[in-house]
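Work through the exercises below with the model open beside you. Try each task before you read its solution.

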Amino acid sequence: MLPSQALLPAVVFALAALQALASDTFLAAVYEHAVILPQLTHEPVSHSDALALMNKNMDVLEGAIKEAAQKGARIIVTPEDGVYGWLFTRESIYPYLEYVPDPVVDWIPCTDPSRFGPAPVQERISCMARNNSIYVVANIGDKKPCNSSDPECPSDGRYQYNTDVVFDPQGKLVARYHKYNLFVTERQFNYPKEAEVVTFETPFGKFGIFTCFDILFHDPAVVLVSKMQVDTVLFPTAWMNVLPFLTAIEFHSAWAMGMRVNVLAANTHNKSMEMTGSGIYSPAGARAYFYNMETEDGHLLIAELDVHPRLSPATPPAVTWNSYALSVERLSQNDHEFSGIIFEEHFTFTELTKPEGNLTLCQKDLCCHLNYKMAEKRDDEVYVLGVFDGLHIVEGRYYMQVCALLKCLSTNLSSCGDSVETAQTEFEMFSLSGTFGTSYVFPEVLYSGVQLAPGEFEVLSDGRLMSKTKPTKPIIAVALFGRCYERD
């Protein structure tokens, strides 16, 4: 006798679990979504109007989820703000929020939608997971009532959280995460009282989850990897790109390499706000990525990842990031040293005036060493070695140490540090290192056209970021981005 229709999702899930247990790899998906935005208003819309807007976005997400499942993906991540958009006040976002319970309640919204009050968004996402037998990660808004017995209760009697939810292939809520490091514009949401460390087990590894701006901070991002030992990080984001070293694909890929973990990064897509850049990353580099500032279309990525990346022979060895640079003799100041601005920070630069050479440049406690040889020294392009050691305070407080080989926007040295997307200079070789005071350093290589270089560079165990191909493709930036969390 064939199983009843009601049992089919459970049967499919069980078969998929057995298949995953027998494999050392799995297929993962991320979807970069061109979010349909609500009209800007300071007054709340009706619940029905809010749901209508969210259903338009979920229609698109459902198509991506169905396609990913049909192609064999076991999990799919969708972006931050992917269901309702952004630019809300605290009051205007309220109609879009739902109560999201703790996953310990053992809840399948698809089959029991009204258990915790109206939850049409969670019901629909749960059904997407259940009907397609796939883990679904989505970003929604959570509301939690509070009262005067709580001294931190807001005056309107509720907490509002930027929230990630994960539903398993049966549609069960298995994870809920409240974003801890809110971006400066997220005034509609409350900060959780403490950072949540959210993990869950699957037949294909241990997963952790956090959101967008969280990746730049110790809690919960570093804790998930260093203490909880997750295999894969789920990362819904709405990332506004900042060249030369905080572009989405560039930094997220580097973070996966530096932390030696898989990262599934799903970004929103909005040309006017320079939001694009999604990827499926391993410790060895990008398995798949997407960056497109030309069109308004969303994009689905699917790639294979190792279940336990730390055990994979493809994962590079652990790195002592300052080992080589500390052995390099510090050179005296040269005539080509000058100051410049990147992302509001005062960098120290020195120009690469010769087609090849060895340069050492210092700022405070950080000295950067570059050994390089250009394939051809061009008169129409200028490159510099840059160093920054200090506290960033623009949209958040975080201490950075950065060593970077950068193309300047023009031959005018005052343009060094400005955003650049194209280049023509190729290098026969480069080797970049620094005397970092942190073990958390993220290696980045960005080619002309904002393209990554998977497999075309390596990081040696002594901390040298080196080219592997000869010559390289035209370079925009090569960087080592260090985070001194204890100095924040």
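**Exercise 1.** In this predicted model, how many residue pairs are in polar contact across the interface of domain 1 and domain 2? How many salt bridges does the rule find there?

*Solution.*
- Step 1. Locate the two parts: domain 1 covers 23–311, and domain 2 covers 322–487.
- Step 2. Look for polar contacts. Three residue pairs qualify, with both residues at pLDDT 80 or more.
- Step 3. Look for salt bridges. The rule finds zero across this interface.

**Exercise 2.** Which elements of domain 1 build the side that touches domain 2? Which one gives the largest share?

*Solution.*
- Step 1. List the elements that each supply at least two residues: helix 4 (218–226), helix 5 (248–259) and strand 11 (285–290).
- Step 2. Pick out the largest share. Helix 5 provides it, with nine residues.
- Step 3. Sort this side of domain 1 by class. There are 21 nonpolar residues, five polar and one charged.

**Exercise 3.** What area is buried between domain 1 and domain 2? Which three residues of domain 1 supply more of its buried area than any other three?

*Solution.*
- Step 1. Take the area buried between the domains: about 2500 Å².
- Step 2. Split it by atom type. Carbon and sulfur atoms give 75% of it.
- Step 3. Name the three residues. Leu243, Pro244 and Phe245 supply 26% of the area that domain 1 buries against domain 2.

**Exercise 4.** How many Å separate the centres of domain 1 and domain 2, and how many residues does the contact take from each?

*Solution.*
- Step 1. Use the C-alpha atoms for the centres. They are 32 Å apart.
- Step 2. Count the contact residues. Domain 1 gives 27 and domain 2 gives 29.

Conventions
Residues are numbered from 1 along each chain as its sequence is written. This is a predicted model: local features need pLDDT of at least 70, side-chain atom pairs count only at pLDDT 80 or more; totals for chains, interfaces and linings use all residues. Side-chain values use heavy atoms; hydrogens and water are left out. Domain bounds come from an automatic or database domain assignment. Contact means heavy atoms within 4.5 Å. Buried area is the accessible area (1.4 Å probe) that two parts lose on being put together, summed over both. A salt bridge is a side-chain nitrogen of Lys or Arg within 4 Å of a carboxyl oxygen of Asp or Glu. A polar contact is a pair of N or O atoms within 3.5 Å; within protein, one must be able to donate a hydrogen and the other to accept it, and residues adjacent in sequence count only if both atoms are side-chain atoms. Helices (H or I, at least four residues) and strands (E, at least two) are DSSP runs, numbered from the N terminus. Ala, Val, Leu, Ile, Met, Phe, Trp, Tyr, Cys and Pro count as nonpolar, Asp, Glu, Lys and Arg as charged, and the others, Gly among them, as polar.
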